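Biologist: Please take me through one part of this model slowly, as I am new to reading structures. I would like a close look at a pair of neighbouring strands and the core around them.

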Amino acid sequence: TARRDALLRMIEDHRARMARLEREAGETAARRSALLAEFDGASEGERLAAAVEAAVAMAAGHEAANVEAESALASAREAETETRAAHDEARRTADALATEIRTLTNLLKSSGGDLWPRLVDALKVAPGYETALGAALGDEIEASADEGAPIHWRGLPPLSAAASLPPGVERIAKFVNAPPALTRRLSHIGIVSKTLGQALQAQLQPGQRLVSREGDVWRWDGFTAAAEAPNAAAKRLAERNRLTALDSEMVKASELAEAARTRFEAARSAVETASRNERDKRDALRAATSSVEVARRAFATHERLAAERLAQTSALDEALRRIGQSLSEIRDQHHGAESEIAALPALESLQAELTELRNGVNRDRALYAEARSTHDGLEREARARTERIRAIEAERGQWTERAARATAQIEQLSRRAEETRAALQDLASVPQQLADKRLKLMDMLAQAETERKTAADALATAENHVRAADHELRAAQEQLSSSREQHARLESRLEAATQNLEHCERRIGEVLQCAPQEVVAAAGLDMEKIPPQEEIERKLSGLREDRERLGSVNLRADEEAAEVGKQLATLIRERDDLMHAINKLRGAISSLNREGRQRLLDAFGTVNEKFGELFTTLFDGGKAELQLIESDDPLEAGLEIIANPPGKKPTTLSLLSGGEQTLTALSLIFAVFLTNPSPICVLDEVDAPLDDHNVERFCNLLDAMLERTDTRFLIITHHALTMARMNRLYGVTMMERGVSQLVSVSLPEAEAIAIAS
């Protein structure tokens, strides 16, 4: 019966396998025909090769155009640099003249509280004669020509011609355009050289006087005054003449500045046009290069697909051959099994006896399985209870040990707290000692105030002592902190070693059932013949690994192996997909890095160029540059600022003075703003480290930035010069106690109102 059933199962299996092989043969033949019909390798390969050649030719043309655009951009930038220098120079000249004119105008402007205008403001004197007129008139020139003033010049008719000046002396009125009230006074004043003044003094009539252009005075009554520094009236007259000359110079400077600005704007427009053209050419080159890469990848993909299709076709042919061979073998086996089953005798007579015996065996097997299951359950329960009791005892011992260690740790922390309090008490007197020393030094300084030089030396010595004491205190504190840290590290290492020792003793007691001192005697070892510890540990580790490697017998090993095989195939497929994704991601990262490097280098070059220009403008000379350091890759390199102010060697930013560092930093910040303008910029106390001259340079740079960009600058400052150059001021005032109010003033409007009044 078993043989018959086996043959019947074999026949059914043969039929199923033949049907499956026939179906696989049909599917394989269909897939082969579909592959041959789908892929036309020759025409597609020729088309892709032609596309690659066309993309390469286009990229070469764009590369040549990009080179020409870069050359044009470099030429435009050189022209812009030259015109910018001329424009900045002309603008600086015009700004300097405007500042001087504004200053002189403010100085010469009459005070709004004067009821009667001074006569000096109505005088016009020839250049070079200001000092002579000021010496001749003295403080009387400050009086008013209005007869309603308490002190004024009253207009009187000229004196008779009899009161003439000595021969050869010119009247000073010839060089002065004055109101009628000064006619009589100026008719009695002559202008002479220093050599003739003293000789002609004796010939003067009453009321007459002689003056030199240098300011010497010889009066008719014998009063003589040597030339000194010009008085206020002379300076005021000179400043008026200077203001008149500056007006004409300002007109010429403004014309030159406007012409330079026009040339600079044209050059800057040319640079922007060339930059846009170069950027377009570079984008076109990048697009053409990308097209070449795309065409090459498509061509390579086509070649790879062609190779894959050829390999698939060969594999399908081999599969068809193998399927046909297997089908022939299975058919032969099928015919043999049918012949063998036909030759088997009939066995129906033994079927009843076999069924009865099988039923008895099944009943006995069921009883045995039930008894075996009950026995195994009781045995497992007993073993689990025993292991649980042992685990509870072990946990109890561990908690006891942890409680003891916690008590010891608390005692140790208490001792450390006491030591810390004692150290704090020892250090509590140190600040008082330093305070006493400081009081003594302040007393010495107060007593030595009358002898400033000696007191300064004593103060320097005392400050050195204080710094030395502070240094010693910091060193002591650092040493104390280091000692505490080292003490804590040693305590932690001691605690770890103690715990490790206790763990080893506990393991020896659990495994060997003896004390650590009895291990050698219990093992029967000779201490002189014991191998090194490393060899013992290595051998023990190997034995443990061998034991763990053996493990227990697994009855489901075949099924688990099949499942692991399926998981392995899935993991391999996922790994291949992951490797493909990794390669694709790496290519994208490489492309991004190339693009980032190019953009970073372009931006770095632009910022470096503008940084050098602004640095030269702020320092009236010198040069500065940015350098990439520490790596050849721009994405990983650091940045170094090299500055070379006029008269100094090139050095890093940290070695410059505070003002130089501020100007250099401002140059870099404004260079970034010129490269990538922002709508608004807030500068908080940037002029604090600068002196008045550098503040003026900073304000000039702000004016230049306003002309070159559309950025609005908000400046927080306490410097008067900076506030004087702003367009609008904002401040907070407290008119009433506890009530703050925001106040704003437009300086151009205030200046216009002041001029109008």
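**A strand pair and its core**

Modeller: Let's begin with one pair of residues: Asp684 stands opposite Ile716 in β12. Before we go on, please keep in mind that this is a predicted model, where local features need pLDDT of at least 70 and side-chain atom pairs count only at pLDDT 80 or more, while totals for chains, interfaces and linings use all residues. Residues are numbered from 1 along each chain as its sequence is written, and side-chain values use heavy atoms, with hydrogens and water left out.

The names of the elements come from DSSP runs, numbered from the N terminus: helices are H or I runs of at least four residues, and strands are E runs of at least two. Two strands pair if DSSP finds at least two bridges between them. β11 and β12 are joined by five bridges, in the parallel sense. Together with α13, these two strands form a right-handed β-α-β unit; right-handed here means that, with the strands pointing away from the viewer, the path from the first strand over the helix to the second runs clockwise.

Now look along β12. In a regular strand the side chains alternate between the two faces of the sheet. Phe713 and Ile715 point to one face of β12 and are buried, whereas Arg712, Leu714 and Ile716 point to the other face and are not buried. Buried means under 20% relative accessible area, exposed over 50%, and partly exposed in between (1.4 Å probe, protein chains only).

What does the largest nonpolar core contain? This core has 32 residues, and those with the most contacts inside it are Phe670, Leu683, Phe698, Leu702 and Phe713. A nonpolar core is a set of buried Ala, Val, Leu, Ile, Met, Phe, Trp, Tyr and Cys residues joined through side-chain atoms within 4.5 Å. Two or more of its residues come from each of α11 (557-619), β8 (623-629), β9 (638-644), α12 (658-675), β11 (680-684), α13 (692-708) and β12 (712-716). Leu702 is a good place to zoom in: setting aside neighbours within four places in sequence, Leu702 is in contact (heavy atoms within 4.5 Å) with Phe670, Leu683, Phe713, Ile715 and Met726. Two of these partners, Phe713 and Ile715, are the buried side chains we met on β12.

Next, follow the chain at the other elements of this core. The buried residues of α11 include Phe604, Val607, Phe611, Leu614, Phe615, Leu618 and Phe619. They also include residues with other kinds of side chain, among them Asn608, Lys610 and Glu613.

Just after α11 comes Asp620, with a positive phi of about 55°. Most residues other than glycine have a negative phi, and that makes this spot worth a look. Asp620 sits in the loop between α11 and β8, and counts as partly exposed because its relative accessibility is 48%.

The loop between β8 and β9 holds Glu630, another residue that is not a glycine but has a positive phi, here about 75°. Glu630 is exposed, as its relative accessible area is 74%.

To gather the picture: β11 and β12 run parallel, α13 completes the right-handed unit with them, and all three give residues to the core. Phe713 and Ile715 of β12 are buried, and both are in contact with Leu702.
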